[in-house]
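Me: I would like to go through one sheet and one helix of this model. Please reason briefly and end each answer on what was asked for.
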Amino acid sequence: MFSDTTRQFVTPCEPEIYDTVTLRIRVGKQNAARVWVLTDDETILLHSVKQDAYFEWFEGKVELSDTQLHYLFRIEHQGKYWFYDQMGLSDELREDCCFRITPGFHTPDWAKGAVMYQIFVDRFCNGDPSNDVQNNEYFYLGQPSRRVAEWHSYPKAMDVQSFYGGDLKGILKRLDYLQDLGVEVLYLNPIFVSPSNHKYDIQDYDYIDPHYGVIVKDEREGLPAGDTCNRHSKQYVTRVTSLENLEASNEYFIHFVEEVHKRGMKVILDGVFNHCGSFNKWLDEEGIYGDAEGFSKGAYATEESPYVSFFDFHEHKWPDNDSYDGWWGHSTLPKLNYEASPKLYNYIMRIARKWVSPPYNADGWRLDVAADLGHSPEFNHKFWREFRANVKAANPEALILAEHYGDASAWLQGDQWDSVMNYDAFMEPVTWFLTGMQKHSDEHRPEMEGNEQAFLGAMQQYMARFQTPSLFVAMNELSNHDHSRFLTRTNRKVGRTATVGPEKADEGVDVAIMRQAVLMQMTWPGAPTVYYGDEAGLCGWTDPDNRRTYPWGKEKRGLISYHRELIRIHKSYQALRTGSLMLLFAEPNVLVYARFDEQDALIALLHCGTEERTVSVPVWKLGLEANRAFVRLVHTDAFGFWPDARIYYPKDGRMEITLPAKSGTLLKDFPL
């Protein structure tokens, strides 16, 4: 028995308000006397429309309203009633497990299953040394800025002020590489003016940081030795407040997006709207904007600042009021006080529209700590509803992805976010199953490794929180800038760069397990997102070691070739973008699942044990015609990978397949 909310079983799959939709379910032949669909308001008897050797299809029509539809199926068999919902078959009616369709909710088709590539800009490629942050250019978090001369050196344990020189020009320089890899979307960590290398402490939302863009006007004088007062740095003040530099950098971003778009790729920006930075022009704790042309006094300096309402000050003690509310108590990350400031609210809504509109034309936003914004859940949801309305009005095809840990369903009802960075229904279950490691490399739990029940339980529970339009655009990452590199997790060692040193992150890693993870990434529902350098074998503990520079000239070229081949396969079959997911077989250390649609069926087989294993795969569950076989598209194991064909012939609806240790195989059906 099978149904879901993909286009095979719901037509249209992303309906409009008041549309009529056709709902379908497939049941075992002669296993259903009657089938109904139960909705919020009615019970509809379905009619049989098709039969084959194994299955019978039932369907019926439902008229939608302007609210979300909840439904499940009731099946009568031999005088007993069964129910089929998002969690599968049950003899009990589970109203909290209903299928859901939200009329009018669409996610961009270009983003469904899109191959994304996340770039931490400072560490990817230095295309223009003239815009590099210089030694002693400014002072931040107790240390002067530092220009790292050796590209391949490890990040220090305290790394916020260290810069390697990566910039937008460097990304353009490597577009041929990214296009050849098969990348469809670039997701950039923040690129707006900021004093840190991570740039989650934004200084000016209206401008691209000239250190990533273009420096037209410059000064040689940074901070004098021993001086920590940043307004004394002519170099830094000029670089980040000169309108010549700011406007030239915005113009370069226009050029950047145009060049990316020419390649058929998209660009997603990182939006940090919960908090800004203490250097921000609205607060200006450093005093660098006080005398700059075109800027007003900051709220730190004077109660007369036009930006005082942008922050929540706890004391009345101007000038130099440091009593503002900081995110998680961090004074360098002032929390934005939207409830008290309609001006701030409207300003950020303008920013939301600005960067996805001409002439900038970015293709979407990734939202940092999005659930933390505001001071109440009610306001948070209000903000994101209006944010969505503003973004979609400016660019209906823009994507809105949020960073979120835990259940995001309250934001995924079709009126706020399109989807999330998929920790719960991808990164964490895959990491536990293949490595037994926690995603920061802070814990090793051997009992989780190869634990198919834990994996399937987590996936079933958390995937059920998504509506299908959100699931297909969820950002499926193995690594990112906040967690250890997946390849490091394969060494099953606990550590951080401050405690054991960065070299230990490279020791004992297992590329075979990495290849298994990539096979899952490229075949699981969602948008497979490669963190820069993962494809080249980059290792690293959690932040800041996960932000090492891309290893140009030192890449694991075999791993790049493997990524290129898996990406090519992923892009070749619509079933891997928007097809259904079906589990075919599972036991300790073994997973076999299929992705399928009306045209194609693909089967992924994973075996993470250390001994060879033969499994019997019930391909009959896919409902394929009898005269079909399967061809192997790619195989990986402990000795390498092979994109060569091998034919498998089902017998009586099953295939016997031998899986080597640490292996992954991807099969595709074809007619005999």
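Me: What distance should the 18 residues of helix H6 span, and how far apart are its end C-alpha atoms?
Reply: The model is predicted. Helix H6 covers residues 377-394, and a rise of 1.5 Å a residue is expected. The expected span is therefore 26 Å, and the end C-alpha atoms agree with it, being apart by 26 Å.

Me: Which elements cover the buried residues of H6?
Reply: Buried here means under 20% relative accessible area. Among the residues of H6 that meet this are Phe379, Phe383, Trp384, Phe387 and Val391, as well as Arg388 and Lys392. Their cover includes helix H5 (342-354), strand S20 (364-367) and strand S21 (399-402).

Me: Which strands stand at the edges of the open sheet, and why is one side of each left without a neighbour?
Reply: The sheet has four strands in the order S1-S2-S6-S5, with antiparallel pairing. A strand with a single partner strand has one side left without a neighbour in the sheet, so the edges are S1 (10-11) and S5 (47-51).

Me: Over how many bridges do S2 and S6 pair?
Reply: S2 takes in residues 20-28 and S6 residues 55-63. Within this pairing, leucine 23 lies opposite glycine 60 of S6. The two strands run in the antiparallel sense, and their bridges number nine.

Me: Which residue in S6 is the bridge partner of glutamine 51?
Reply: S5 and S6 form a hairpin, with three residues between them. Their antiparallel pairing extends over four bridges. In S6, the partner of glutamine 51 is glutamate 56.

Definitions and conventions. Residues are numbered from 1 along each chain as its sequence is written. This is a predicted model: local features need pLDDT of at least 70, side-chain atom pairs count only at pLDDT 80 or more; totals for chains, interfaces and linings use all residues. Side-chain values use heavy atoms; hydrogens and water are left out. Two strands pair if DSSP finds at least two bridges between them. The expected span of a helix is 1.5 Å times one less than its number of residues. Buried means under 20% relative accessible area, exposed over 50%, partly exposed in between (1.4 Å probe, protein chains only). Contact means heavy atoms within 4.5 Å.
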